[in-house]
Amino acid sequence: MKKNRFISALAILGAATLVAARLYAAVTISSTNVPLPIPDNGNVNSTLDWNVGSAGGPVATDVNLTVAITHTWESDIAVSLTAPAGAATLIWNNCGGSGDDFAVTIDDAAAGGMPCASFGTKAGTFQASTAAITSALQPGIVNATRMSTFNVNPFGIWTLNTADDSSVCTGTLTAWSLTINGPAPLPVELTKIEAN
């Protein structure tokens, strides 16, 4: 009898784990107040309402940022992200020289940083990168744990700041989103199952 109860408990626990994993799998939410023009030699804020979970819920285990920007001089651009209860964190700055446009995902698990010193449209998945471009050979400074700064409770309003540090060339923040993974906790009742 004990063996049957134990097997039943394991089956319930396995099913609960599967359901919890589905509930806490990666979720993507996109900002709804874009596109926004990026002021020449200025900056613009865009917000995203992360309404999955609650303010008292679990912390994120992985946060990825996807951004699309049209701009005629990539190295004018700096992007910072602020969590609902955190300070602004610089994600990239001065990457790309005279290239046009970005369509990138910033992910700590990416193979490397954004190629800050190369020209042309930026597309793909990269680690956060910052660099003041002084030559076409200068690599970006890779910040391999920059996005882990956001492994906090994600519930609330996130803010993406896009800045243009020069005049003449202009652009638009066309879209951005966050993809957040969370833990897969079991319901309290199921963590207390006993097989007698």
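Are Phe150 and Trp158 buried or exposed? Both residues are buried, and they are a good way into this predicted model. Its chain has a mean pLDDT of 77, and 69% of the residues reach at least 70. The points below go from confidence to strands, then to aromatic pairs, two buried strand residues and some backbone features.

**Where to read with care**

- Residues 6–23 keep a pLDDT under 50, and the model gives this stretch 12 contacts beyond four places in sequence.
- Residues 185–196 also have a pLDDT below 50, with 15 contacts in the model beyond near neighbours in sequence.

**Strand S7 and its partners**

- Strand S7 covers residues 102–106, and 4 of its 5 residues are buried, so the rest of the structure largely encloses this strand.
- On the antiparallel side, S7 pairs with strand S4 (residues 62–71) through 5 bridges. Within this pairing you can look for Ile69, whose bridge partner in S7 is Phe102.
- S7 also runs parallel to strand S8 (residues 122–126), and 5 bridges join the two. Here Ile106 stands opposite Phe126 of S8.

**Strand S11 and its partners**

- Strand S11 spans residues 156–164; 7 of its 9 residues are buried, so S11 too is largely enclosed by the rest of the structure.
- With S3, S11 forms an antiparallel pairing of 8 bridges. Ser46 has Leu160 of S11 as its bridge partner.
- With strand S5 (residues 77–82), S11 forms another antiparallel pairing, this one over 6 bridges. In this case Ser80 is matched with Asn161 of S11.
- When you follow these strands by eye, it may help to recall that side chains in a regular strand alternate between the two faces of the sheet.

**Aromatic pairs**

- How many aromatic pairs does a search of the whole structure find? The search gives 2.
- One of them brings together Trp92 and Phe102, with ring centres 5.0 Å apart; the planes meet at 40°, so this pair counts as tilted.
- Trp92 belongs to strand S6 and Phe102 to strand S7, so their pair ties together parts that lie 10 residues apart in sequence. Both Trp92 and Phe102 are buried.
- Phe102 is therefore worth a second look: besides its ring pair with Trp92, Phe102 is the bridge partner of Ile69.
- Phe150 and Trp158 form a tilted pair as well, with 5.6 Å from centre to centre and 55° between the planes. As the opening question brought out, both of these residues are buried.

**Two buried residues in strands**

- Thr89 sits in strand S6. Its relative accessibility is 10%, under the 20% cut-off, so Thr89 counts as buried.
- Beyond four places in sequence, Thr89 is in contact with Val79, Ser80, Leu81, Arg146, Thr149 and Phe150. Two names in that list have come up already: Ser80 is the bridge partner of Asn161, and Phe150 is in an aromatic pair with Trp158.
- Ser177 is found in strand S12 (residues 171–181). With a relative accessibility of 9%, Ser177 counts as buried.
- Beyond four places in sequence, the contacts of Ser177 are Thr28, Ile29, Ser30, Leu48, Asn64, Leu65 and Thr66.

**Backbone features in the loops**

- As background, most residues other than glycine have a negative phi, and most peptide bonds are trans. The next items depart from that pattern.
- The peptide bond between Val34 and Pro35 is cis, with omega at about 10°. Pro35 is located in the loop that links strand S1 (27–30) to strand S2 (36–38).
- Asn41 is not a glycine, yet its phi is positive, at about 55°. Asn41 is part of the loop between S2 and strand S3 (43–50).
- Why does Asn41 count as exposed? Its relative accessibility is 54%, and exposed means over 50%.
- Asp101 is another residue other than glycine with a positive phi, in this case near 75°. Asp101 lies in the loop between strand S6 (89–93) and strand S7 (102–106), and at 25% relative accessibility Asp101 counts as partly exposed.

How values were computed:
Residues numbered from 1 in each chain as written. Predicted model: local features only at pLDDT ≥ 70, side-chain atom pairs only at ≥ 80, totals over all residues. Heavy atoms only, no water. Buried < 20%, exposed > 50% of the residue type's maximum accessible area, 1.4 Å probe, protein only. Phe/Tyr/Trp six-rings, centres within 6.5 Å; stacked < 30°, edge-to-face > 60°. Pairing = 2+ DSSP bridges. pLDDT = per-residue confidence, 0-100. Contact = heavy atoms within 4.5 Å.
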